[in-house]
Amino acid sequence: MDIAVIGAGVTGVTTAYCLARDGHNVSVIERLPEPGLETSRANAAQRSYGYVYPWADPGMVRKAILWMWTPKGPFKLKLPPDIRTLSFLAQTWRHARTPGLFPANERSLIRLGSYSRECFADIERQVPLAFDGGHAGLIDLASDAKAEAALRALMPLLEEMDIGHHWLGADDIYAHEPGLRRGGPVRGGLRISGDGTGDCHLFTQALAAHCRAMGVRFLFDSEVVDAECRQGRVVSVSVLPREQASGRDAWSSSAAKTLPADAFVVCAGCQSRALGRLIGQRMPIYPVKGYSITAPLSDEALADDVMAPRSTVIDDRFKVVITRLGQRVRVAGFAELANFDRCLPASRIDTLKEAVDMRFPGVAVLDKATPWAGFRPMTPDGPPILGRGKYSNLLLNTGHGIFGWTFSAASAEITADLVAERTPAIDIAPFRPERFLR
Ligand SMILES: Cc1cc2nc3c(=O)[nH]c(=O)nc-3n(C[C@H](O)[C@H](O)[C@H](O)COP(=O)(O)OP(=O)(O)OC[C@H]3O[C@@H](n4cnc5c(N)ncnc54)[C@H](O)[C@@H]3O)c2cc1C
């Protein structure tokens, strides 16, 4: 089959790989000049298969309101909020208050994450990829009794879902992450032993290069601006060079290239919503902003490897994630509702620097840190949108929110299953696009 994948983030590229592996003739259309330049660029680098949760968390609402007013708090709302932000908040609230939805979604996401672990293992076996990836586990720290109680409360669910985990006291934490010994308070922590890490951007670029060698065609600097749909099918999409697409008033249909295909897959991250509007497919995805810094390890840490993080650590004080990526360290955090505001306030970056210096003092050259802001493609309930759309040959693989890197391998495999009319390995009903038609 001829298949067009829209978007070359980690989701689009893994999807292209699985489709090409199944023998399809795949084209990937990407409005930016390279793969993985949007949200897949510099995320927290966790492949946290067993430690995933939905956005619409009834227990979070009160905390989020408190955090909003704490200067270094992890949740931010740009004031005054615009209509789109208010609508997203209202939908989140509705989902958070729907009885039984949160625990059901929690379990569905853990199933998707666990399946993704298997799918990543397959991809990494099939293709040699250099992306500073590993599976040395994840530690969520508790500095005090309150944080310990909150983490221990998660353990019955992990037990039920068969996710390998242990409660560790401070000494055991230091055995896994010796660098924490020099940092802030540690009472204990929850370790998820099977979880992994990896640079999502390097992975996306390396897998795209492999896809090219398999015959996948990439159209960069090319934006999908329209689609022709007839008799229940998408017939073709119209593609414009990016510079013409951005001054949308100026584009005429004669400037656009028409790309027909037998099937189309939407992997357009935060822009999926706009794309859906062209064809009447509702995808209420909101850009939840976050920040990261990536810094080289200091000479001291390079000389004494015991100082640096070994895997990925979630700090409970600043609510940031600190991850080792080869000879670099990545620190990421914040959930900010500011629509598509791309500014990078110094205060957010300073908080990330303070957090890594508190946990792993002197480990990174913070003057050389590269700051980044990105947008998590978030559905108002949290699970991704995965399945067939309103046209028989339209597939949706988008809206992965907080965990798109983690879920990418599974959702690509599931999309390839749907194209091939195979039954996916897990139940995908919780991710169905129709849940947003109500
Ligand atoms: C601060 C932060 C930390 C995070 N940490 C983690 C983490 O530790 N673990 C984890 O699993 N996830 C994490 N995430 C989430 C994860 O990064 C995203 O869910 C994931 O990258 C989404 O990938 P994607 O391919 O769906 O979207 P993107 O990477 O945004 O790719 C979509 C692509 O589609 C293209 N596109 C859009 N519209 C069009 C169009 N009309 N025509 C052509 N091309 C188009 C875009 O240019 C873009 O390249 C984090 C996110 C942030 C912001």
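This section describes the ligand site, the internal cavities and two backbone features of a predicted model.

The ligand is surrounded by 37 residues, among which Thr11, Glu30, Ser40, Gln46 and Thr406 come nearest. By class, this shell consists of 17 nonpolar, 15 polar and five charged residues. Several elements each supply at least two residues of the shell: the helices α1 (10-21) and α13 (404-419), together with the strands β10 (222-230), β14 (286-296) and β18 (370-378). The largest share is that of β18, with four residues.

The shell also draws on two domains. Domain 1 comprises residues 2-40, 203-284 and 382-436, and domain 2 comprises residues 55-97, 133-194 and 286-378. The ligand lies between these domains, because both of them give residues to the shell around it.

Contacts between polar atoms were found with both side-chain and backbone atoms of the protein. An N or O atom in the side chain of Asn43 is 2.9 Å from an oxygen atom of the ligand. A nitrogen atom of the ligand lies 2.9 Å from a backbone N or O atom of Val224. In the case of Phe403, a polar backbone atom is 3.4 Å from an oxygen atom of the ligand. On its own the ligand has 1,000 Å² of accessible area, of which the protein covers 98%.

Attention then turned to the empty space within the protein. Rolling a probe the size of a water molecule over the atoms reveals where such space is left. Three cavities of 30 Å³ or more are present in the structure, and the largest cavity holds about 80 Å³ of space. The lining of the largest cavity is formed by Ile6, Val224, Asp226, Ala227, Val234, Val237, Phe264, Val266, Leu275, Leu278, Ile279 and Leu394. Two or more residues of this lining come from each of β10, β11 (233-241), β13 (263-266) and α10 (272-279). In terms of class, 11 of the lining residues are nonpolar and one is charged, while none is polar. Val224 is thus named twice, as a residue of this lining and as the source of a backbone atom 2.9 Å from a ligand nitrogen atom.

Two features of the backbone remain to be described. Most residues other than glycine have a negative phi, and most peptide bonds are trans. Leu79 and Pro80, however, are joined by a cis peptide bond with an omega of about -10°. Pro80 is placed in the loop between β4 (75-77) and α3 (83-96). Phe334, a residue other than glycine, has a positive phi, near 75°. This residue, Phe334, belongs to strand β17, which spans residues 328-337.

Methods
Residues are numbered from 1 along each chain as its sequence is written. This is a predicted model: local features need pLDDT of at least 70, side-chain atom pairs count only at pLDDT 80 or more; totals for chains, interfaces and linings use all residues. Side-chain values use heavy atoms; hydrogens and water are left out. A residue is near a molecule or strand if one of its heavy atoms lies within 4 Å of it. A polar contact is a pair of N or O atoms within 3.5 Å; within protein, one must be able to donate a hydrogen and the other to accept it, and residues adjacent in sequence count only if both atoms are side-chain atoms. Accessible areas come from the Shrake-Rupley method with a 1.4 Å probe; for residues, only the protein chains shown count as cover. Ala, Val, Leu, Ile, Met, Phe, Trp, Tyr, Cys and Pro count as nonpolar, Asp, Glu, Lys and Arg as charged, and the others, Gly among them, as polar. Domain bounds come from an automatic or database domain assignment. On a 1 Å grid over the protein atoms alone, a cavity is a set of points where a 1.4 Å probe fits but cannot get out, and a pocket is an open set with protein on both sides within 12 Å along at least five of seven lines; lining residues have an atom within 4 Å of a point. Grid points are joined across faces, edges and corners, and a volume is the space filled by probe spheres set on the points.
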